[in-house]
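These are notes for a colleague who has not looked at this structure before. Please read them with the sequence and the coordinates open.

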Amino acid sequence: VRRVALVGAGMTAFGEHFDLGIKDLLPMAVTEAVASVDKGFDRADIDAAWFGELTTTDGFPSGILVDSCGLLDVPVTRVENACATGNDALRNAVYGVGSGMLDVALVIGADKVRESSARGTFWEWMGLTRDMAWDYPIGVVAPANFALHVNRYLHESSATREHLAMVAVKNHHHGVTNPKAQLRHEITIEQVLDAPMVVEPFGLYDCTPQSDGAAALLVVGEEIVDRYTDRPVWVRGVGLGLDRVMHQHKADMTTFPPTVKAAMQAYAMAGVGPADIDVAEVHDCFTGVELIDYEDLGFCERFGAAALIESGETAVGGRLPVNPSGGLKSKGHPPGATGIAQCVELFEQLRGESTNQVDRARLALAHNIGGPTAVSAVTILGSAKG
Amino acid sequence: VSIRVVGTYLPSWGTRDARAVGTDEDALTIAVECGRAAMVDRNFDVRHVVLVTRDLPLLEGGNSAALLAGLGLSASTGVVEQIGGAPAALDAVFTAAPGTLVIGADCGSGVGCGAAAVLLADGRGIKLTPVARVQRSLPSRARGSDGSVHDYDDPRLTRERGVRAALADAGIARKAVAAVGLGPKDAATLCDGDAPRVPTTGASAPLFALAALADTRAGGLLLAFEQASMTAAEVVPGSTTVRRREREPEPLPKQRVTPGPEIRISLPAYERAFDAKVRLEAGCCPHCGTLALPPRHRCLGCGAEGEAALTELPRDAIVYTTTTVHTPVPGLATPYTIVIVELGDTGVRLLAQVTGAPPGNVGIGTRGEMVLRRVAERSGIPDYGYAFLPESGPRAQVAR
């Protein structure tokens, strides 16, 4: 198979962009990605694009991408795979370029969560994820979707609400130096525990903010990498895993089987294991989810996540820094852009350019879990071709 | 015809003197509660159901199917949906044939909240004989065409030109064993000795009175009033079983309702799900017996495809996981508690809201039962399904 590399990456700041529409955010992300290419990039080189967007804003997504970014001759495929959308868009582009049918692809993700009222998004999201007759009216809003898992996890494991709070404190600390992050302030364990309850066991600081933003990657085939950069970031592995959709059909809610499946595919493709990963950006839409991710991705044994977060090894400076960008928790979470933005951070980490740089980062992992906790995408990036 | 069983239901909320229905209850769900209580022994073949209430949820149609599904009766069972109060319910009892379940359900303003059902069959139960019917008009309460309630609010007028005039018309001068459809003071003046106090004054009231008379084995005149109308019956004592679903009440939890968009509904999806959802039945694979809720085309166990027959699920449930939503959700009353429960030993799980207990009152491992509730009102349509009623713990059920 033809090897594939990232030669450029860029993103808008994540936040409540009431003043910017999707037609503004998309060209901003593309322009930043193009500007990051060391030897210059002509957007006329783009053979095809994959556009990840969860909910459409201002109408027909693919058309809006080409129209707003000066890409009228580029074929676009829209990808929607719940919170795994961004990394799945990259996965599809990797298949396209890896096949040799294309040389240069644009992967872009965007969403404007704050285009709806703060609470109006609850029903939009439930409409995307719930069985219309059986589950939709029950009111499993996004935090409840994960709280049903995390409460069972807290019941079976030794983890406590304090361990959840440690995730929030760590990721807020990481986000302080990230100019693209939405919540750039330190918090304390006490603040997390004392915050107003949103959905038990998640208080306000256990939850990701609602965000707008866009992120873009430029993906090229191995023979032409040199045209653009001498410091490419190689896509070493991709994976996508699914599960039964309804919560009542998930036998063990202390784990996310889609993550396990996606990770196994990505590790196998890369020929590496969890012990080889130097830095990771994982899905932490709600604090407890990051703990379950540690176990599903193989960063620790089952029910070992409480000890791992307690040890500090997943903070920058530790053995396996997780979410140096601030994660979804601090950086923000416009779902279509989230996975792409993780790869933007890891692109910078692997080139030694991050604002929160991890020492000797050579192999990196990005991960999302979402929708009705029934889909996960994992991407493994490396500074070496492998 | 005799009354073999009386089933009663009182909602969990309010006070002993003034019960209140929960936001997930209506006349239909409370009718199902008392009807299932009456049929709990399953010894009788129920061929007709008469529901008397002034609060039918679906005036344009659809109540009967939901009622039969909730009661677990065949869709070919005869149903009468009758608008009426206490006299109409008493009338329905002594005009019914054996094999009829007569239900009175009250949850409107001014008549209290509760429901009671009597199951009629040949045998040695309480017997009723008609004494008098009087239909007179004194609309001291009226609902305008927009649904708004108008009260004339003159209790003495109602007493003189309603109750007393009706008794005079019927030529009844003797004391009764029970009088319903009136305030407790007015009822007491019409009765000998300890007249039973009943929790409602609407259609369920004479049926609650019959439950009380079954307990005390008292006989005599039973008077049922509504405004200036009356039905009177002679109660002949007999052997009648009483099944009560009456928990100790607790105050309605403080919830806030955030205005929001209408919760949308797909009627094809509603109709496809109806039988399994309102009867609480799973698809059962004809090849390997694997149960599926909701029923599905392709079996979870063996992969066989095709339509699976529906099979009844147990209603005893244990909480696998739970959460309580505090953040305001448009269109829903918050906080509310969600559970995933396991049903009996089937391995089948169900996602549901908690009912009959304050939010946050259940944990993993809490036991309870699944009960029919109006899970939501979606674009004006009551969406019936099952909610988890936790065991009442120290507040034990009042059972007799």
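1. Start at a single backbone angle in chain A: A:Gly298, placed just after helix H10(A), takes a positive phi of about 85 degrees. Bear in mind throughout that the model is predicted.

2. The helix before that glycine is H10, residues 287–296 of chain A, and it is mostly covered, with 10 of its 10 residues buried. Among the buried residues of H10(A) are A:Val289, A:Leu291 and A:Ile292. The list also includes residues with acidic side chains, namely A:Glu290, A:Asp293, A:Glu295 and A:Asp296. A:Thr287, A:Gly288 and A:Tyr294 are buried as well.

3. Next comes the contact between the two chains. How many residues does each chain bring to the contact? Chain B gives 40 residues and chain A gives 34 residues. Together, chain B and chain A bury about 3400 Å², and 65% of that area lies on carbon and sulfur atoms. Zero salt bridges are found across the interface of chain B and chain A. Polar contacts do occur, since the count between chain B and chain A is 17 residue pairs, with both residues at pLDDT 80 or more.

4. Which elements of chain B supply the side that touches chain A? Helix H7 (267–279) and strands E19 (316–325), E21 (336–343), E22 (349–353) and E23 (367–378) of chain B each supply at least two residues. E19(B) gives the most, with six residues. Sorted by class, the side of chain B that touches chain A has 24 nonpolar, nine polar and seven charged residues.

5. A sheet in chain B deserves its own point. It is an open sheet of three strands in the order E17-E16-E18, with antiparallel pairing. E17 and E18 of chain B are the edge strands, and each pairs on one side only. Strand E16 (residues 281–284) of chain B pairs with strand E18 (residues 309–312) of chain B over four bridges. E16(B) is joined to strand E17 (residues 291–292) of chain B by two bridges.

6. B:Cys284 can be used to find the register of this sheet. B:Cys284 stands opposite B:Ala309 in E18(B), and it also stands opposite B:Leu291 in E17(B). The hairpin of E16(B) and E17(B) has six residues between the strands, and there B:Gly289 takes a positive phi near 80 degrees.

7. The last site to check is B:Asp106, found in strand E6 (residues 100–106) of chain B. Is B:Asp106 buried or exposed? B:Asp106 has a relative accessible area of 2%, which is under the 20% cut-off, so B:Asp106 counts as buried.

8. What does the side chain of B:Asp106 reach? The side chain of B:Asp106 reaches the backbone nitrogen of B:Ala203 at 3.0 Å. It also makes a polar contact with the side chain of B:Ser204, at 2.5 Å. Leaving out residues up to four places away in sequence, B:Asp106 touches residues including B:Ile30, B:Val111, B:Cys113, B:Thr200 and B:Ala205. B:Gly202 is another residue that B:Asp106 touches. B:Asp106 and B:Gly202 are 96 residues apart in sequence, while their C-alpha atoms are 6.0 Å apart in space.

Terms used. Residues numbered from 1 in each chain as written. Chains lettered and ligands numbered in written order. Predicted model: local features only at pLDDT ≥ 70, side-chain atom pairs only at ≥ 80, totals over all residues. Heavy atoms only, no water. Contact = heavy atoms within 4.5 Å. Buried area = accessible area lost by both parts, 1.4 Å probe. Salt bridge = Lys/Arg side-chain N within 4 Å of Asp/Glu carboxyl O. Polar contact = N/O pair within 3.5 Å; in protein donor to acceptor, adjacent residues only side chain to side chain. Nonpolar A, V, L, I, M, F, W, Y, C, P; charged D, E, K, R; others polar. Pairing = 2+ DSSP bridges. Buried < 20%, exposed > 50% of the residue type's maximum accessible area, 1.4 Å probe, protein only.
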